[in-house]
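Visitor: I'd like to learn how to read a model like this one. Could we pick a single residue to start with and work outwards?

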Amino acid sequence: MFSLTSLKGIRVKIRTLGCRTNIYEAEAIADSFRREGAVISEDLFDVGILVSCAVTKTAEKKCRQFLRQLKRESPDALIVLCGCYVQALTEEELSSLGADLYVGNRLKSDLPGIVAKMLNDPTERPLFLKKDVLSNDKWDALELSRVTFHTRSFVKVQDGCNRFCSYCIVPFLRGRPKSRSVEEVTEEVKRLVDQGCKEVVLTGIHLGLYGYGCDFDLGDLINALSRIEGLRRLRFGSIEPHALSDGLIDVLAESDIFCRHLHVPLQSGDDRILSLMQRGYSVEDFINIIRKIRRKLGDDVHISTDIIVGFPGEDEDAFQNTLNLVDALGMGRVHVFPFSPRPGTKAYDMPGRLEGRTIKSRVVRATERGRLSLQRYAQRWLNRKVDILVEHNDGERVRGLSRHFLEVESSLDQIPSPSVEAFQNGGIGFECEVCVLEAKHGILYGVSSVEKDLLSERGVYRE
């Protein structure tokens, strides 16, 4: 633990790469520096911090690029690299990156004190601080006391994973499962809602393991958050299929604020590849889970997914099985990732690794299939009404997300007058109802429900 000297007036710039959990952590790090008097800056800075990702080779490459960019922008600044990329490398490997401070996972809440000490004693550079996260059950005490956006905020409730899929380096970088208490999460969400936040997205490294080893679970958290006055929407960032038990799905179905969207990673639609990946479920299992979700949450529920292309041993038939399953299950948004071999994982030494050009070709094909899948899902909303929470307003058009996690645009002059509070927030944060007239590239376009009667007369609107 490091004692603080004054950070008042110190300009701090924070960049982030990777998952929603990293985004939350970057926001919380910024908040922790603000509380100590620092100024978060996008321009000139005295301290540059990169919250890193190491889930793929591409992510690591971007980390190196971002570090070089920070050093170019402010050569005399204290440069900090924290997070997964630090956890993945040795001190010798880290030294070549040129940062002044390297901080691993589950230590990010200590950053203000560490930075203050280094600014006071610039001779101690570079400094390396990281722990063996597989044997360390410390919760990194990051939290948000204020919101950056008035409409939506990520809230980290869980860290770590013990599933050890054969391709995944994350458990080695993030450690074993650890959860925040229901009470602590509830208090943070209440603070955010009191400042105008209408929507909360729960995030974790393996959200389905929330409550692992504790006397509470994800269903308990959903029930508690659903009772918070003023919270309009609740979402998950992502949840693994085997976490979607009958009991949890029932809780989601009973919640008035839980949005009808679930991001459920598939990774492969072929049983042989799923077995090699050590995913713990079969294609039939996944199909049954999706059917169960639709039975409880309704046919309109948006189910998005991830797939990994080019896993060792994936032949054309296995790849086609994945595409066929995406179609058969009526998926919406599909995130496509090329297999990235990670040293230390079982898949790293697996035989049957594919050529780069084959993987690239399949990424293109899978991405196109995903584009068509999203468009098909979006078209089901034609001539129907959707509620949006306005996130962008340029004075002529408003844009926001529907409860089913689709982007929606409408002209401003067709929207009912928002509240005074919304205008104080830059014309965002108010809810409105839009009648959808067009779906293009997975985006819905329409007019306000003020026009509903006219549309009904024209026969282009239905309840």
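Guide: Sure, and keep in mind that this is a predicted model. Let's start with Gln-375: its relative accessible area is 14%, and because the cut-off for buried is under 20%, Gln-375 counts as buried.

Visitor: Where is Gln-375 found?

Guide: Gln-375 belongs to helix H13, which covers residues 356-379.

Visitor: Which residues is Gln-375 in contact with, leaving aside its neighbours within four places in sequence?

Guide: The idea is to skip the sequence neighbours and see what remains. For Gln-375 that leaves Ala-439, Lys-440, His-441 and Gly-442. Compare that with a pair picked by distance: Gln-375 and Gly-429 are 54 residues apart along the chain, and their C-alpha atoms are separated by 27 Å.

Visitor: Now the whole chain. How many helices and strands does the protein chain have?

Guide: The protein chain has 15 helices and 18 strands.

Visitor: What does the radius of gyration of the protein chain tell me?

Guide: You set it against what a compact globule with that number of residues would have. For 463 residues that would be near 23 Å, and the protein chain has 23 Å, so the two agree. Along the principal axes, the C-alpha atoms fill a box of roughly 75 × 60 × 45 Å.

Visitor: And what share of the residues count as buried?

Guide: Of the 463 residues, 55% do. The protein chain exposes about 20,300 Å², with carbon and sulfur atoms supplying 48% of that area.

Visitor: How do I read contacts and charges at the level of the chain?

Guide: For contacts, look at the separation along the sequence. Among contacts in the protein chain with a separation of 6 or more, 74% are between residues 24 or more positions apart. For charges, count both signs and then compare where they sit: there are 65 positive and 67 negative side chains, and the centres of the two sets lie 3 Å apart.

Visitor: Let's do a sheet. What is the order of the strands in the open sheet of four?

Guide: The order is S8-S7-S9-S10, with mixed pairing. S8 (178-179) and S10 stand at the edges with a single partner strand each, so one side of each is left without a neighbour in the sheet.

Visitor: Which way do the pairs run, parallel or antiparallel?

Guide: Take them one by one. S7 (residues 152-159) pairs with S9 in the parallel sense over six bridges. S9 and S10 (residues 233-236) also run parallel, joined by four bridges. S7 and S8 run antiparallel, and two bridges join them.

Visitor: Can you give me some residue partners, so I can find them on screen?

Guide: Try Leu-202 in S9: Val-155 stands opposite Leu-202, and in S10 the bridge partner of Leu-202 is Phe-236. Next, Val-201 stands opposite Arg-235 in S10. For the antiparallel pair, find Asp-159, which stands opposite Lys-178 in S8.

Visitor: Is S9 covered on one face or on both faces?

Guide: In a regular strand the side chains alternate between the two faces of the sheet. In S9, Glu-199, Val-201 and Thr-203 lie on one side and Val-200, Leu-202 and Gly-204 on the other, and they are all buried, so both faces are covered. Put as a count, six of the six residues of S9 (residues 199-204) are buried, so this strand is largely enclosed by the rest of the structure. S7 is mostly covered, with seven of its eight residues buried.

Visitor: What is Thr-203 in contact with, beyond its neighbours within four places in sequence?

Guide: Thr-203 is buried at a relative accessible area of 4%. Its contacts of that kind are Arg-20, Thr-21, Phe-154, Val-155, Lys-156, Val-157 and Gln-158.

Visitor: One last feature: backbone angles. What should I look for?

Guide: Most residues other than glycine have a negative phi. Phe-164 has a positive one, near 55°. Phe-164 sits in the loop between S7 and helix H6 (170-174), and at 24% relative accessibility Phe-164 counts as partly exposed.

Visitor: What about Phe-405: what is its phi, and where is Phe-405 found?

Guide: Phe-405 is not a glycine either, yet its phi is positive at about 65°. Look for Phe-405 in the loop between strand S15 (397-402) and strand S16 (407-411).

Technical notes
Residues numbered from 1 in each chain as written. Predicted model: local features only at pLDDT ≥ 70, side-chain atom pairs only at ≥ 80, totals over all residues. Heavy atoms only, no water. Rg over C-alpha atoms; globule rule 2.2 N^0.38 Å. Buried < 20%, exposed > 50% of the residue type's maximum accessible area, 1.4 Å probe, protein only. Contact = heavy atoms within 4.5 Å. Areas by Shrake-Rupley, 256 points an atom, 1.4 Å probe, with all protein chains shown as cover. Lys, Arg positive; Asp, Glu negative; His and termini not counted. Charge placed at Lys NZ, Arg CZ, Asp CG, Glu CD. Pairing = 2+ DSSP bridges.
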